[in-house]
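User: I am new to this structure. Please take a close look at a single part of it, then show me how that part connects to the rest.

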Amino acid sequence: DLIDEAGSDITADDIYHPQNISLKDQVVYLSNGHSGVIVSKDGLLLTNYTPFIRFIEQTDSLTEGFAADGIPQEIPLSNLYALQLKRTENISNRIYSQIDSTLDESHRKKQIDSICSQIYLEQPNIPGHLIQIECNSNQEYHLYEYAQYNDIRLVYLPHQNMATYRPGNQLPQRYVADFCLL
């Protein structure tokens, strides 16, 4: 097994297990369209360097890299939040069992929207949590519950020359240390 040959104690089940806690449970969606992984009990996020290039370009001092010595030195990223999936539930049967099959498409959609609204209102109101109901391409309805984290701060960013590598004047850039910590 490649993981064992590399000297790691991580198993495939540590990375993904459908019923048990695994790395998949530590993945977060960032509001800038990217993702990250929670790597500490304090909520430290490992993500890519490239999504923050625009932020770095606007702050010349960060091209030299950045490492916060503690919480007071961390740089707040005020327009960024993270969502961590806490629960998902297939609610398709619950919805379809209440639909009047004689309705035309527009009335059927209104009835589905009404049922979804009712299911949404039945969910516990947990501070810092977000509930979404979505329909996939197979016409299955799923309820998603996320924990929302709004206090996102830059903790570590490698030097720009370390994070981007471009041999000669070749494009596109190749990233070698394409990570940062939030």
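Analyst: Strands here are DSSP runs of at least two residues and helices are runs of at least four, both numbered from the N terminus. The model is a predicted one.

Start with a loop. Gln-139 sits between strand S7 (129-135) and strand S8 (141-149). Its phi is near 60°. That is a positive value, and Gln-139 is not a glycine. Most residues other than glycine have a negative phi. Is Gln-139 buried, partly exposed or exposed? Gln-139 is partly exposed, because its relative accessibility is 45% and that class runs between 20% and 50%.

Now step to strand S8. Tyr-141 lies in this strand. Tyr-141 is buried, at 11% relative accessible area. Tyr-141 also belongs to a nonpolar core, so the cores come next. The largest nonpolar core has 16 residues. Leu-30, Leu-45, Ile-152, Leu-154 and Leu-182 have the most contacts inside this core. A second core, separate from that one, has 10 residues. Among them are Ile-91, Ile-115, Ile-119 and Tyr-141. There is a general background to this. In soluble globular proteins, nonpolar side chains tend to be buried together.

What else does Tyr-141 do? Turn to the aromatic rings. The structure has three aromatic pairs. In one of them, Tyr-141 partners Tyr-96. The ring centres are 5.9 Å apart, and the planes stand at 70°. Planes over 60 degrees apart count as edge-to-face, so this pair is edge-to-face. Tyr-96 lies in helix H4 (residues 92-96) and Tyr-141 in strand S8, so the pair ties together parts that are 45 residues apart in sequence. The partners differ in cover: Tyr-96 is partly exposed at 29%, whereas Tyr-141 is buried.

Another aromatic pair joins Tyr-156 and Phe-179. This pair is stacked, with 5.8 Å from centre to centre and 20° between the planes. Tyr-156 is in strand S10 (residues 156-157). Phe-179 is in the loop between strand S12 (174-175) and strand S13 (180-181). The two residues are 23 apart, and the pair links distant parts of the chain. Tyr-156 is partly exposed at 26%. Phe-179 is partly exposed too, at 29%.

Go back to strand S7, on the other side of the starting loop. Its range, 129-135, takes in Cys-135. How many disulfides does the structure hold? A search of the whole structure finds zero. For Cys-135, the reason is distance. The closest cysteine sulfur belongs to Cys-116, 8.2 Å away, and that is too far for a bond, because a disulfide needs two sulfurs within 2.5 Å. Cys-135 is partly exposed at 33%. Cys-180, by contrast, is buried, with 0% relative accessibility.

Charges come next. Side chains of opposite charge can pair when their charged atoms come close. The structure holds six salt bridges. One joins Arg-153 and Glu-74, with the closest N and O atoms 2.8 Å apart. Arg-153 is in strand S9 (residues 153-154). Glu-74 is in the loop between strand S4 (66-67) and strand S5 (75-76). These partners are 79 residues apart, and the bridge links distant parts of the chain. Both Arg-153 and Glu-74 are buried. Arg-153 also meets Asp-151 in a salt bridge, at 3.0 Å from N to O. Asp-151 is exposed, at 55% relative accessible area. Glu-74, Asp-151 and Arg-153 are thus linked in a network of salt bridges.

A further bridge lies within helix H5 (residues 105-122). Asp-113 pairs with Lys-109 at 3.3 Å. The two residues are four apart in this helix, so about one helical turn separates them. Asp-113 is partly exposed at 36%.

Last, look at strand S1 and the stretch before it. Val-28 is in strand S1, and it is buried at 2%. The C-alpha atoms of Val-28 and Gln-84 are 4.6 Å apart, although 56 residues separate the two along the chain. Tyr-16 lies in the loop between helix H2 (12-15) and strand S1 (27-30). Tyr-16 is partly exposed at 49%. Together with Ile-10, Ile-15 and Leu-23, Tyr-16 makes a nonpolar surface patch of about 370 Å².

Technical notes: Residues numbered from 1 in each chain as written. Predicted model: local features only at pLDDT ≥ 70, side-chain atom pairs only at ≥ 80, totals over all residues. Heavy atoms only, no water. Buried < 20%, exposed > 50% of the residue type's maximum accessible area, 1.4 Å probe, protein only. Core = buried A, V, L, I, M, F, W, Y, C linked by side-chain atoms within 4.5 Å. Phe/Tyr/Trp six-rings, centres within 6.5 Å; stacked < 30°, edge-to-face > 60°. Patch = residues over 30% accessible without salt bridge, like charges linked within 9 Å, V, L, I, M, F, W, Y side chains within 5 Å. Areas by Shrake-Rupley, 256 points an atom, 1.4 Å probe, with all protein chains shown as cover. Salt bridge = Lys/Arg side-chain N within 4 Å of Asp/Glu carboxyl O.
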